[in-house]
Amino acid sequence: MTGSPNEPGAEPLPEADARRPRVITVAFWVLITSTVFWVPVSGSSAPGDLQGTSAILCVYVWCAARVRRGRWTARILGTAAAVWLVVVQGSRTPGFMDAGSPYGWEYAVMDLMAVILTGTGVALLYGREGNTYFRRRPW
């Protein structure tokens, strides 16, 4: 007996669970929802900043989609895009609350919600279940 699972009477070899953890699916939807909040906030930036922010948002959404497939490079690149969004766009929250700002408290709330959702989504990707999922599917 060679131990092959194809031999008659042999027990099948245990297979790794290839299903995506629920945490990864939740993280994907949280990241996409944060994008919905980032878009109006990024539209309120200076015209020169809009192109860079739009490019980062496209990378962010692309990485969120690739993360569902277990691509660890997308997780790293998406984290870098999320950090950029939180630092650059998230720092604009107090400016929306100024009396002279053409944007009101609604933009400040959207900005704050986007920062919270982005942080939550990235944290879910680096949790125990997320790390296990990405170790199984390295590229």
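Colleague: The backbone of a helix can have side chains as polar neighbours. From which backbone oxygen does a polar atom of the side chain of Thr118 lie 2.7 Å?

Modeller: The partner is Ala114, whose backbone oxygen lies 2.7 Å from a polar atom of the Thr118 side chain. Please keep in mind that this is a predicted model. Thr118 belongs to helix α5, which spans residues 105-125. As for the general idea, an α-helix has 3.6 residues a turn, so residues three or four places apart point the same way.

Colleague: How should accessibility be read here: is Thr118 buried or exposed?

Modeller: The cut-off for a buried residue is under 20% relative accessible area. Thr118 has 1% relative accessibility and therefore counts as buried.

Colleague: Which residues is Thr118 in contact with, leaving aside its neighbours within four places in sequence?

Modeller: They are Leu31, Ser34, Trp38, Tyr60, Ala82 and Val86. Ser34 lies in helix α1, residues 22-43, and counts as buried at 0% relative accessibility. The side chain of Ser34 reaches the backbone oxygen of Leu31 at 2.7 Å. Beyond residues up to four places away in sequence, Ser34 touches Tyr60, Ala114, Leu117 and Thr118. Leu31, with the same exclusion of neighbours within four places, is in contact with Tyr60, Ala64, Thr118, Gly121, Val122 and Leu125.

Colleague: From such contacts one may proceed to a core. How many residues does the largest nonpolar core have, and which have the most contacts inside it?

Modeller: The largest nonpolar core has 19 residues, and those with the most contacts inside it are Ile24, Leu31, Trp38, Tyr60, Val67 and Leu125. At least two residues of this core come from each of α1, α2 (47-67), α3 (72-89), α5 and α6.

Colleague: How does one read the faces of a helix? Which residues of helix α6 are buried?

Modeller: One asks in which directions the buried residues point from the axis. In α6, residues 128-136, the buried residues are Gly130, Tyr133 and Phe134. Viewed down the axis of α6, its buried residues fall within an arc of 95°, so they line one face of the helix. Arg128 and Arg135, on the other side of α6, are exposed.

Colleague: Let us turn to aromatic rings. How many aromatic pairs does a search of the whole structure find?

Modeller: Two numbers describe each pair, namely the distance between ring centres and the angle between ring planes. The search of the whole structure finds 2 aromatic pairs. Phe28 and Trp29 form an edge-to-face pair, 4.9 Å centre to centre with 70° between the planes. The rings of Tyr133 and Phe134 have centres 5.7 Å apart and planes at 65°, so this pair too is edge-to-face. Tyr133, at 3% relative accessibility, counts as buried, and Phe134 counts as buried at 2%. Phe28 counts as buried at 10% relative accessibility, whereas Trp29 is partly exposed, with a relative accessible area of 48%.

Colleague: A ring may also have a charge over it. Which residue has its charged end over the ring of Phe28?

Modeller: It is Arg68, whose charged end sits over the ring of Phe28, 4.5 Å from the ring centre.

Colleague: Finally, how many helices and strands does the chain have?

Modeller: The chain has 6 helices and 0 strands. Buried residues make up 31% of its 139 residues. For contacts between residues at least 6 apart in sequence, 71% join residues at least 24 apart.

How values were computed:
Residues are numbered from 1 along each chain as its sequence is written. This is a predicted model: local features need pLDDT of at least 70, side-chain atom pairs count only at pLDDT 80 or more; totals for chains, interfaces and linings use all residues. Side-chain values use heavy atoms; hydrogens and water are left out. Helices (H or I, at least four residues) and strands (E, at least two) are DSSP runs, numbered from the N terminus. Buried means under 20% relative accessible area, exposed over 50%, partly exposed in between (1.4 Å probe, protein chains only). A polar contact is a pair of N or O atoms within 3.5 Å; within protein, one must be able to donate a hydrogen and the other to accept it, and residues adjacent in sequence count only if both atoms are side-chain atoms. Contact means heavy atoms within 4.5 Å. The arc is that of the directions from the helix axis to the C-beta atoms. Rings of Phe, Tyr and Trp (its six-membered ring) pair if their centres lie within 6.5 Å; planes under 30 degrees apart count as stacked, over 60 as edge-to-face and the rest as tilted. A charge sits over a ring if NZ of Lys or CZ of Arg is within 6 Å of the ring centre and within 35 degrees of the ring normal. A nonpolar core is a set of buried Ala, Val, Leu, Ile, Met, Phe, Trp, Tyr and Cys residues joined through side-chain atoms within 4.5 Å.
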